[in-house]
Amino acid sequence: MCKMQRLLCALAILSTVVAQKDPHYAPGHDGMVHLFEWKWNDIADECERFLSPMGFGGVQVSPIQENVAIGNRPWWERYQPISYKWHTRSGTPQEFENMVRRCNNVGVRIYVDVVFNHMSGNWNNARGTGGSTANTYDFSYPAVPYSRTDFHSPCEAKNYQDPGNVRNCELVGLHDLDQSKEWVRGKIVDFLNGAIDAGVAGFRVDAAKHMWPADLKVIYSRLKNLNSQYFPQGARPFITQEVIDYGGEAVSKYEYNSFGTVTEFRYGMEVSNALNGRNQLKWFVNWGEKWGLLPSGDALVFIDNHDTQRGNANILTYKSSKKYKMAVALMLGHPYGIPRIMSSYYFDHFDATPPQDSSGNLKSPMINSDNTCGNGFVCEHRWRQIYNMVRFRNAVKNTGVNNWWDNGNNQIAFCRGNAGFIAINNDGYDLRQTLHTCLEPGRYCDVISGNLENNRCTGKVVTVDQNRNAYIEIPNNQDDGVVAIHTGAKLN
């Protein structure tokens, strides 16, 4: 009997852990987009008019908890909490709840970027976006409330060979909460459970690397199941944890992936390295764990995020648009990991504020007639080469990589089962090859150069012959370095 109880307990824990790695996408949806610094009402509109029709799985939204309002309003003020009230420049609690409901109703899930490693740094007369005040120099945050006893003793996190220093000291001067304290855990759990009640599918946990895994495990175990109005009974919140691990430090990503997914920072670095000519694409034949990456189901993958696009000159971003589209196509075309697409605003220096008016209110993206964005927003997710690869990903779901081809250098191609085929040319000369596509004979629209509309292709047409081969052409001087075809873009 005792053995049976232990077995059942172990199985229950295992199923909970696995469930925390499930993003809970609705059928026919896949891929997450980070709508960085968007307002809640605008995200709700985007779910209905674009993300759901294009098959996107979910949206990572900016932090929802009240933050200190800082001078010129840099983007990073969102990562300096003053309370757990849902009042930010993105909107009110009512607007947040309305967004979650509207997005869920069209099959697009919401994941909240949550900040509970720390509160703010020191600011004179600190006032929050919802009107709360704090004496930051005295570690007093009455709107929570937190006092000095809820924080680790002040010290600077600077020795990344010492896990205690990384996890018990202040990250860039931000007051470090002690998650081993029951009062602190309770406040964090209440905050997260409120968002679960509203209908979110899960969380991106900021600065998880700077918290002890054992404390996080306890916090996650106390979270409610997801709201059964939108999710199956017993569904657990999706967890992805920000652990920056390029290797060589005391804190490892493998300390966190047993109880949630982890942000795989090496992914974007390695893809960027290859497309920037520092490695060859042919080596991606065994892309994934053999490169030292996390197991596929444990990895949230991305080319760039809001930090790396500002702080890492080696990472591809929207500013290198051709290579960036190639990188995202490889990410969405390959089955490894849980992909997240970055959707940015234009910036020319690290602290550049999001698009805002003269009063400091966030602006709304302007949607142009060609489906691109204006008003200071880049909206990479609305680039044809990216949203059509989301559709590609949906078309090839549950298939692996087969029939890999490369030219021994930087031209590669592979099939996804019998459902899709993608070729990438990152060499300095043209790709002109007859390749095996694995697809049924017929004529297909290349979804990179155009769309399938009214049974015609607005871009290239690829003809697959009786042997499932096709002549693939990617000139070096053309706008796009990718060709992609799939069963959902076949001409009748």
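**Cys47 is a buried residue, with 0% relative accessible area.** Buried here stands for under 20% relative accessible area, against over 50% for exposed and partly exposed in between, with a 1.4 Å probe and protein chains only. The model is predicted: local features need pLDDT of at least 70 and side-chain atom pairs count only at pLDDT 80 or more, while totals for chains, interfaces and linings use all residues. Residues are numbered from 1 along each chain as its sequence is written, and side-chain values use heavy atoms, with hydrogens and water left out. Cys47 sits in helix H2, residues 40–54; helices (H or I, at least four residues) and strands (E, at least two) are DSSP runs numbered from the N terminus. What does Cys47 touch, leaving aside its neighbours within four places in sequence? With contact meaning heavy atoms within 4.5 Å, Cys47 meets Ser52, Pro53, Val59, Cys103, Val106 and Val108. Trp76 is 29 residues from Cys47 in sequence, and their C-alpha atoms are 25 Å apart in space.

**Phe421, in strand E15 (residues 420–425), and its contacts.** Phe421 has a relative accessible area of 1%, so this residue counts as buried. Setting aside neighbours within four places in sequence, its contacts include the aromatic residues Phe392 and Phe414, along with Ala413 and Cys415. Leu435, His436, Thr437 and Leu439 are also in contact with Phe421, as are Ile472, Val483, Ala484 and Ile485. One of these partners, Leu435, lies 14 residues away along the chain, with 9.9 Å between the C-alpha atoms of the pair.

**Arg73 and Cys379 each have a positive phi without being glycine.** Most residues other than glycine have a negative phi, and most peptide bonds are trans. For Arg73 the phi value is about 65 degrees, and the residue is placed in the loop between strand E2 (56–61) and helix H3 (93–105). Is Arg73 buried or exposed? Its relative accessibility is 15%, which means that Arg73 counts as buried. Cys379 has a phi near 55 degrees and belongs to the loop between strand E12 (373–374) and helix H10 (384–395). At 1% relative accessibility, Cys379 is buried too.

**A cis peptide bond joins Val144 to Pro145.** Omega for this bond is near 0 degrees. Where along the chain should you look for Pro145? The residue falls in the loop between strand E5 (133–134) and helix H4 (163–168).

**The largest pocket holds about 680 Å³ of space.** For readers who like the recipe, a 1 Å grid is laid over the protein atoms alone: a cavity is a set of points where a 1.4 Å probe fits but cannot get out, a pocket is an open set with protein on both sides within 12 Å along at least five of seven lines, and lining residues have an atom within 4 Å of a point. Points are joined across faces, edges and corners, and a volume is the space filled by probe spheres set on them. The lining of the largest pocket numbers 25 residues, and nearest its centre are Trp75, Leu171, Glu242, Ile244 and Asp307. Sorted by class, there are twelve nonpolar, seven polar and six charged residues; Ala, Val, Leu, Ile, Met, Phe, Trp, Tyr, Cys and Pro count as nonpolar, Asp, Glu, Lys and Arg as charged, and the others, Gly among them, as polar.

**The second largest pocket offers about 310 Å³.** Its lining has 16 residues, with Asp30, Pro335, Gly337, Arg393 and Lys397 the closest to its centre. The lining divides into six nonpolar, five polar and five charged residues.

**The structure holds one cavity of 30 Å³ or more.** The largest cavity has a volume of about 40 Å³. Which element gives the largest share of its lining? Helix H9 (residues 321–333) does, with four residues. The residues lining this cavity are Lys322, Lys325, Met326, Ala329, Gln385, Ile448, Asp480, Gly481 and Val482. By class they come to four nonpolar, two polar and three charged.

**For orientation, the whole chain has ten helices and 22 strands.** Its radius of gyration is 23 Å, close to the 23 Å of the globule rule for 492 residues, so the chain is as compact as a globular protein of that length; the radius is taken over C-alpha atoms, and the rule is 2.2 Å times the number of residues to the power 0.38. The C-alpha trace spans about 70 × 70 × 45 Å along its principal axes. Of the 492 residues, 58% count as buried.
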